Structure formats: structure tokens, C-alpha cells
Amino acid sequence: MDRTVGAETPVRPDAGDAFLSWVDDAPVADGRRAREWGDLLVVADGEAYELRHRADRGRPRADLVDRDPATFRGFVRSDDDGRYRPFAGERSLPTGWVMPGLDDPILLRAVASAYPAGIEEWADDADPVPYREVAARQTGIYERVANLSRAELTDVTAAVCGNCAKRRTWDETADDTLPVDRGAGDLPCREPCSFLVAAAREVLVDEPPDEQPPEQPAADVPPGDLTDPANRYRVRYRRAGGNPTTHR
Ligand code: SF4
């Protein structure tokens with residue numbers, strides 16, 4: 001398809017063109033060309049595109065709720081239970097919706113709403129930025145994240161990145177590889193995100209030694225509230241092997 005992605009989309013034109021060509025070149029499955037992009041499924045549907053959650057791949061369109069592309073950006077900020085999603089890659093993208101008949105700019109805008117800058121990261125294939133480099137840049141209350149031990153970094157990475165739809169590449173260099181599954185798929189993560197850095201800071205904060213931390217996450221604690229011991233990522237961190245009373 002001959003196209004030029006214009007300025008109406010937040011995606012850089014050359015990266016947008018490359019992404020659309022990649023979708024158009026997808027192998028045919030079930031009579032359609034489709035690519036998974038994080039938790040999205042991008043379908044080349046004749047002269048237009050369709051977007052839905054990849055978990056809804058096999059569902060008839062009539063079973064899904066039509067979403068308005070104009071409100072998609074706000075829609076993907078919350079999960080199926082209406083809770084704020086603390087980072088774009090979190091595996092909590094809402095399900096049960098479809099956006100058919102999208103033209104190039106509207107598709108790209110929607111994809112960028114779910115995964116900002118993801119298309120450019122993928123197209124540029126830039127060098128990974130390791131955690132230690134990102135930590136060294138931090139100032140103020142985040143400065144301490146440079147003190148994270150390798151064991152702590154491993155556990156935080158398992159807790160946070162283990163619930164992310166991106167494929168982690170920032171620790172791919174031989175001397176920085178962590179023993180944590182890096183995920184799958186084509187949507188890359190080349191640099192630790194701000195939520196991982198925030199979580200890294202939180203595991204270095206002492207917890208009261210006489211309080212037994214909860215074993216289960218509390219449903220009423222927002223996923224982004226890392227200060228609460230019952231936060232899902234705090235619980236995942238402890239399960240990953242980290243002991244917050246000794247990580248100082
Ligand atoms: S650092 Fe981890 S959680 Fe953050 S975007 Fe990358 S893979 Fe996802």
C-alpha cells in the first residue's frame with residue numbers, strides 16, 4: 001500500500017509507515033492479516049484496519065463493544081475493573097471492545113495511545129539503556145535507586161516487568177543480563193520505565209520490622225500505590241524472593 005503518514009498522528013511518519021507496512025505484510029491467519037502489538041491485535045482489514053485486545057482475537061465483532069477512537073486514549077488508562085493502570089505496558093489493558101474501519105492516522109494514534117513511543121522504539125532499534133545508567137541519572141528522592149543490589153533489581157524486575165506486555169531488552173548486554181524472563185512479542189522495552197524506577201525506590205524504603213507484610217494483594221489498593229505493603233507489585237516483589245526487611 002502506498003502511503004505517507006501525515007502530521008495528524010503523534011507517530012513519527014517514517015516509523016508509522018514502517019509499522020503499517022509490517023502489519024500489511026503479516027501472514028494470513030483465519031483469512032486475515034493480523035499482528036499482535038503488546039496486548040493489542042492490529043488487523044489489516046481490506047482498505048482499513050481493526051483494533052481490539054488480543055485476548056478477543058477469536059470473538060465475533062458483534063460480541064464486542066464499538067469504541068470511539070476519539071476517547072480511546074482515556075479508555076486505556078483504566079483496567080476492566082476501572083482501576084488506573086500505573087504504566088502503559090501493564091497487562092491490564094481493558095478487553096471486550098473493537099474499533100473497526102480505522103484509517104492510517106487514526107490507527108496509529110490509537111496504537112500510540114496504548115503504547116506511547118512504542119512504534120518509534122521498535123522502528124529505531126536503538127541500543128538498550130541499562131538500569132544502572134538510568135539509575136545514575138536520578139536525582140532527589142530517586143537518587144537512592146542507584147544503591148539497588150543485583151538481587152533486589154532481579155526481584156523488582158520479576159515483579160514489575162513480569163506483568164508487562166513489552167519485551168524487555170534493556171539488560172541484554174552480556175554483563176547486565178538478569179535471570180528474569182524477558183517476555184515475548186514485538187513491542188520492545190529498551191530502557192527501564194519510570195514505574196520500575198519508582199518500584200525500585202520503594203523496595204529500598206524500610207518497612208516496620210514488627211509488621212507482617214500481607215501475603216495477598218489487597219483489591220482496594222491501587223496498582224500504582226507502591227507505598228502500601230498490600231500493593232500488588234509489593235506482594236509480587238516479596239514472592240519473587242525479596243525480603244523488604246533486609247533490603248536496606
Ligand atoms: S521496564 Fe519493565 S515494566 Fe517498564 S515498560 Fe519496560 S518491560 Fe515494562
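Trainee: What makes helix H7 count as mostly covered?

Mentor: In this predicted model, eight of the 10 residues of H7 are buried, and a residue earns that word if 20 or more other C-beta atoms lie within 10 Å of its own. The buried residues of H7 are Phe 195, Leu 196, Val 197, Ala 199, Ala 200, Arg 201, Glu 202 and Val 203.

Trainee: Which helices do the buried residues of H7 pack against?

Mentor: They pack against helix H5, which spans residues 131-136, and against H6 and H8.

Trainee: Why are H6 and H7 called oblique to each other?

Mentor: The axes of H6, residues 150-160, and H7 come within 10 Å and cross at roughly 130 degrees. Angles of 65 to 115 degrees count as roughly perpendicular and those over 145 as roughly antiparallel, and the value for this pair falls in neither range, so H6 and H7 are oblique to each other. As for its hand, the crossing in which H6 passes H7 is right-handed.

Trainee: Which residues of H6 and H7 meet, and how do they divide by class?

Mentor: From H6 come Glu 152, Val 156, Ala 159 and Val 160, and from H7 come Phe 195, Leu 196, Ala 199, Ala 200 and Val 203. The residues of this contact of H6 with H7 divide into eight nonpolar, no polar and one charged.

Trainee: How do you know that H6 and H8 are oblique to each other?

Mentor: The reasoning follows the angle once more, for the axes of H6 and H8 come within 8 Å and cross at roughly 130 degrees. Since that value lies outside the range of 65 to 115 degrees and is not over 145, H6 and H8 are oblique to each other, and their crossing is right-handed. The contact is made by Asp 155, Val 156, Ala 159 and Val 160 of H6 together with Tyr 233, Arg 236 and Tyr 237 of H8, and its residues divide into five nonpolar, no polar and two charged.

Trainee: Where does Pro 213 lie, and why is it called partly exposed?

Mentor: Pro 213 lies in the loop between helix H7 (194-203) and helix H8 (232-239). It has 15 other C-beta atoms within 10 Å, and because buried needs 20 or more and exposed needs 12 or fewer, Pro 213 is partly exposed.

Trainee: Why does Asp 25 count as exposed?

Mentor: Asp 25, in the loop between helix H1 (13-24) and strand E1 (28-29), has 10 C-beta neighbours inside 10 Å and therefore counts as exposed, the cut-off being 12 or fewer. Asp 25 and Ala 44 are 19 residues apart in sequence and 9.0 Å apart in space, C-alpha to C-alpha.

Trainee: What is noted about phi of Asp 30?

Mentor: Phi of Asp 30 is near 55 degrees, a positive value in a residue other than glycine. Most residues other than glycine have a negative phi. Asp 30 sits in the loop between E1 and strand E2 (32-37), and with 8 other C-beta atoms within 10 Å it is exposed.

Trainee: And what makes Asp 125 exposed?

Mentor: Asp 125 has 9 C-beta neighbours inside 10 Å, so it counts as exposed. Its place is the loop between helix H4 (118-124) and H5, and its phi, near 50 degrees, is positive.

Note on methods: Residues are numbered from 1 along each chain as its sequence is written. This is a predicted model: local features need pLDDT of at least 70, side-chain atom pairs count only at pLDDT 80 or more; totals for chains, interfaces and linings use all residues. Helices (H or I, at least four residues) and strands (E, at least two) are DSSP runs, numbered from the N terminus. Axes are lines fitted to C-alpha atoms, for helices over the stretch in contact, and angles run from 0 to 180 degrees between N-to-C directions. Angles under 35 degrees count as roughly parallel, over 145 as roughly antiparallel, 65 to 115 as roughly perpendicular and the rest as oblique. A crossing is left-handed if the near helix is turned anticlockwise from the far one by less than a right angle, and right-handed if clockwise. Two residues are in contact if their C-beta atoms, placed from the backbone, lie within 7 Å. Ala, Val, Leu, Ile, Met, Phe, Trp, Tyr, Cys and Pro count as nonpolar, Asp, Glu, Lys and Arg as charged, and the others, Gly among them, as polar.
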